[in-house]
Amino acid sequence: MSNNSKPNTPLVTHIYTADPSAHVFENKLYIYPSHDLDHNEPDNDLGDQYKMEDYHVFSMDDIDAPCVDCGEALHMKDVPWVSKQMWAPDAAHKNGVYYLYFPAKDKDDIFRIGVATSDTPAGPFKAQPSYIPGTYSIDPAVFIDDDGKAYMYFGGLWGGQLQKWQTGTFDPNAVEPSGKNPALGPIVAELNDDLLTFKSETRELKILDEDGNPITAEDTDRRYFEGPWMHKYNGDYYLSYSTGDTHYLVYAVGKTPMGPFTYKGRILEPVNSWTTHHSIVEFNGKWYLFYHDSSLSGGVNHKRCMKYTELVYNTDGTIKTITPP
Ligand code: FUB
């Protein structure tokens, strides 16, 4: 019998979990995290230690109910185009179909984004035979707006390879911009009605500072690194993300799902883990931040555990910064 869930406490302890994407489906919380493998190989800056091979889906009947492992929802052996590293996933629902979006390396060691479908939120999911045309890099987040239009946000630096796509094709030697050059932004594309392919060309999002200038590459406390998430609050679009090597979760606000976005502040101060990754969801009238750290393994970067905490807005729409306990 699993324990009731508590804020800032591992939601499950029987496996390592990370990158939790939380959604409300069928009046319950469903969480789609990465599944960290329990191995003892060393870390490097390209994330080779993140060797995930499958996904488990979790459900919670209420925010303080046990977090239930619904079992393996997809394994890489069932995805023809994947060679390794099934990283941070997301999910969506439309017209009775549930979609699991996931990044993974293809047979050429290039990250792409795939999609799998199911008629239940817990899966199992059946993958499409190939990755979504036009995708690259990692960390898909799918947002469906009130008008029914769906958007995929994605991209992550270094091991996530976003810096290698600056010319539009894969350049294995390309590096992240530096100095006062604009930082790279996450990528967005509108999805077709079937949620399986892109309707539009991909576009890089602009993240601006308070004076309307692009956040620069050297501004590592604020520049985009990985793990985008989109949510809507009081009619505004909140793009949140990780700053990677400075370990913050931050956010920027815009008037449309395509931006531009103006940097507003920090959501979460650094956690006990190199990576920080999140989702934001409204459930039964409150807002929650789902995030991870490495507390369950005593600080091993690739053995993480998902947690949640309440997220609170100020009256002006800014988010109160959370300091992890
Ligand atoms: O879990 C593997 C990678 O680490 C994710 O894709 C990134 O966002 C980071 O959390």
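## Strands around the largest pocket

Let's start with the strands: β1 (16–25), β6 (90–94), β10 (141–144), β15 and β19 (278–283) each put at least two residues into the lining of the largest pocket. Keep in mind that this is a predicted model. The volume of that pocket comes out at about 550 Å³. Its lining runs to 22 residues, and the ones closest to the pocket centre are H23, V142, F143, I144 and V281.

What classes of residue make up the lining of the largest pocket? There are 14 nonpolar residues, alongside three polar and five charged ones.

## The second largest pocket

Next comes the second largest pocket, at about 320 Å³. It is lined by 26 residues, and here G47, Y50, E226, W274 and T275 are the closest to the centre. Sorted by class, that lining has 10 nonpolar, 10 polar and six charged residues.

Which pocket holds the ligand? The ligand sits in the second largest one. E226 and T275, two of the residues closest to the centre of this pocket, are also among the residues that surround the ligand.

## Around the ligand

The shell around the ligand is made of D19, M52, W87, A88, I138, D139, E226, T275, H277, H292 and R304. By class, that gives four nonpolar, three polar and four charged residues.

Now for the contacts made by ligand oxygen atoms. An oxygen of the ligand lies 2.5 Å from a side-chain N or O atom of D19, and for the side chain of R304 the corresponding distance is 2.7 Å. With A88 it's the backbone that takes part: a polar backbone atom of this residue is 3.5 Å from a ligand oxygen. How much of the ligand's accessible area does the protein cover? On its own the ligand has 270 Å² of accessible area, and the protein covers 99% of it.

## A closed cavity

Besides the pockets, how many cavities of 30 Å³ or more are there? The count comes to one, with a volume of about 50 Å³. Its lining consists of S21, A88, P89, D139, P140, A141, G227, P228, W229, H277 and H278. A few of these names should look familiar: A88, D139 and H277 line the cavity and also belong to the shell around the ligand.

Which strand gives the most to the cavity lining? That's β15 (residues 226–233), with three residues. β15 also turned up above as one of the strands supplying at least two residues to the lining of the largest pocket. In terms of class, the cavity lining has six nonpolar, four polar and one charged residues.

## Backbone oddities in the loops

Away from the pockets and the cavity, a few spots in the backbone are worth a look. The G123 to P124 peptide bond is cis, with omega near 5°. P124 itself is in the loop that links β8 (111–118) and β9 (126–127). Another cis peptide bond joins G259 to P260, again with an omega of about 5°. Where does P260 lie? You'll find P260 in the loop between β17 (249–254) and β18 (261–268).

Then there's N95, a residue other than glycine that has a positive phi, near 50°. N95 sits in the loop between β6 and β7 (97–106), and β6 is one of the strands that supply at least two residues of the lining of the largest pocket.

Terms used. Residues are numbered from 1 along each chain as its sequence is written. This is a predicted model: local features need pLDDT of at least 70, side-chain atom pairs count only at pLDDT 80 or more; totals for chains, interfaces and linings use all residues. Side-chain values use heavy atoms; hydrogens and water are left out. A residue is near a molecule or strand if one of its heavy atoms lies within 4 Å of it. A polar contact is a pair of N or O atoms within 3.5 Å; within protein, one must be able to donate a hydrogen and the other to accept it, and residues adjacent in sequence count only if both atoms are side-chain atoms. Accessible areas come from the Shrake-Rupley method with a 1.4 Å probe; for residues, only the protein chains shown count as cover. On a 1 Å grid over the protein atoms alone, a cavity is a set of points where a 1.4 Å probe fits but cannot get out, and a pocket is an open set with protein on both sides within 12 Å along at least five of seven lines; lining residues have an atom within 4 Å of a point. A molecule sits in a cavity or pocket if more than half of its atoms lie within 2 Å of its grid points. Ala, Val, Leu, Ile, Met, Phe, Trp, Tyr, Cys and Pro count as nonpolar, Asp, Glu, Lys and Arg as charged, and the others, Gly among them, as polar. Grid points are joined across faces, edges and corners, and a volume is the space filled by probe spheres set on the points. Helices (H or I, at least four residues) and strands (E, at least two) are DSSP runs, numbered from the N terminus.
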